[in-house]
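Take one helix as a way into this fold. Start with what covers it, then work outwards to the whole chain.

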Amino acid sequence: MRPGQVLLVLLAASAVMPAKDPLLNVCMDAKHHKTKPGPEGTLHGQCAPWKDNACCTANTSSEAHRDQSYLYNFNWNHCGVMPPKCKRHFIQDTCLYECSPNLGPWIDQVDSSWRRERILHVPLCKEDCEEWWEDCKDYVTCKDNWHKGWNWATGTNRCPWGSICRPFTEVFPEPKDLCEKIWSNSYKYTTERRGSGRCIQMWFDPAKGNPNVVVAKYYAWKKRSSPVGMENVTPEAGKAVCALPWPVLVLLPLALVLLPEGGRCGPPAWGSL
């Protein structure tokens with residue numbers, strides 16, 4: 001078989017049997033998530049940006065906007081009425097968690113009665129975190145971690161015995177404190193900005209496409225190719241990359257035997273594996 005024919009076989013195998021990345025376009029195994037993402041005819045209010053490809057149902061999106069919904073029986077108003085400008089960030093946070101199919105690189109296994117997976121250290125864009133803190137700084141709360149430690153005696157969350165309601169600025173002195181502490185490190189504060197391709201946006205205009213798709217692809221690549229010691233390595237856009245789907249890799253030894261020496265891929269730019 002000539003070298004050109006070998007390359008055609010490899011390309012054909014790649015096209016017929018594309019490798020599916022398990023970190024991309026996936027839903028968590030959690031309480032209200034669909035088993036796989038897909039279009040929804042209508043999603044309510046702030047969850048609407050995900051309607052073309054969502055992990056949530058229309059009913060879940062509607063419940064996400066209630067002060068106390070059946071989703072988790074969680075009451076935002078545990079220290080008085082939460083201001084609307086603050087509440088919209090918590091609704092958006094809920095929509096991202098329930099609806100986004102772009103959180104795969106940060107899905108973590110958990111042993112819980114109500115979910116088997118959660119998100120951990122999702123890199124949140126600087127603007128999203130700081131606007132959240134700014135719009136909520138006049139509210140009050142009795143806890144810095146809203147995941148656990150509540151008094152559930154009445155069936156909904158109430159402040160633990162002995163705790164007091166304090167201003168957000170005391171409980172969360174900086175935006176970083178809010179974003180990282182409030183949901184047990186589900187989010188990670190970053191200095192990356194919206195549109196950088198390096199941080200997840202809670203807010204986006206669906207007419208311009210979902211910016212979190214490319215972010216998930218970047219971190220999925222980073223997780224696969226640089227688990228240790230290459231945190232700052234990025235693909236070189238101007239050079240061909242020798243990473244191939246598994247069908248191609250199966251046939252690669254044949255190609256290496258038949259291709260001329262000069263036509264083979266060199267070692268990765270970061271050195272020998």
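Helix α4, residues 126-136, is mostly covered. Of its eleven residues, eight are buried. The model is predicted, and the burial described here is computed from it. Which residues of α4 are buried? They are K126, E127, D128, C129, W132, W133, D135 and C136.

The cover comes from several elements. Among those over the buried residues of α4 are the helices α3 (84-99), α5 (168-171) and α6 (175-181). The strands β3 (122-124) and β6 (187-189) are also included.

Look next at α3 against α4. Their axes lie 7 Å apart, and the helices pack at an angle of about 140°. The crossing of α3 past α4 is left-handed. On the α3 side, K85, C86, R88, H89, F90 and D93 make the contact. On the α4 side, the partners are E131, W132, D135 and C136. Five residues of this contact are charged, four are nonpolar and one is polar.

Two residues of that contact lead inwards. F90 and W132 are among the residues with the most contacts inside the largest nonpolar core. W146, W183 and Y187 complete that group. The core has 52 residues. Which elements each supply at least two of them? The helices are α3, α4, α5, α6 and α7 (212-225), and the strands are β3 and β6. The largest share comes from α3, with seven residues.

Follow W183 for a closer view. Leaving aside residues up to four places away in sequence, W183 touches F74, W76, F90, D93, R118, W132, W146 and H147. This list brings back F90 and D93 of α3 and W132 of α4, which take part in the helix contact. It also includes W146, another of the residues with the most contacts inside the core.

Now step back to the whole chain. The protein chain has eight helices and six strands. From the N terminus, the order is α-α-α-β-β-β-α-β-β-α-α-β-α-α. Of its 273 residues, 44% are buried.

How are the contacts spread along the sequence? Take those between residues at least 6 apart: 64% join residues at least 24 apart. W183 and F74 give one example of a touching pair. The outer surface completes the picture. The protein chain exposes about 14900 Å², and carbon and sulfur atoms supply 57% of that area.

Note on methods. Residues numbered from 1 in each chain as written. Predicted model: local features only at pLDDT ≥ 70, side-chain atom pairs only at ≥ 80, totals over all residues. Heavy atoms only, no water. Buried < 20%, exposed > 50% of the residue type's maximum accessible area, 1.4 Å probe, protein only. Helix = DSSP H or I, 4+ residues; strand = E, 2+ residues; numbered from the N terminus. Contact = heavy atoms within 4.5 Å. Areas by Shrake-Rupley, 256 points an atom, 1.4 Å probe, with all protein chains shown as cover. Axes fitted to C-alpha atoms, helices over the stretch in contact; angles between N-to-C directions. Left-handed = near helix turned anticlockwise from the far one by under 90°. Nonpolar A, V, L, I, M, F, W, Y, C, P; charged D, E, K, R; others polar. Core = buried A, V, L, I, M, F, W, Y, C linked by side-chain atoms within 4.5 Å.
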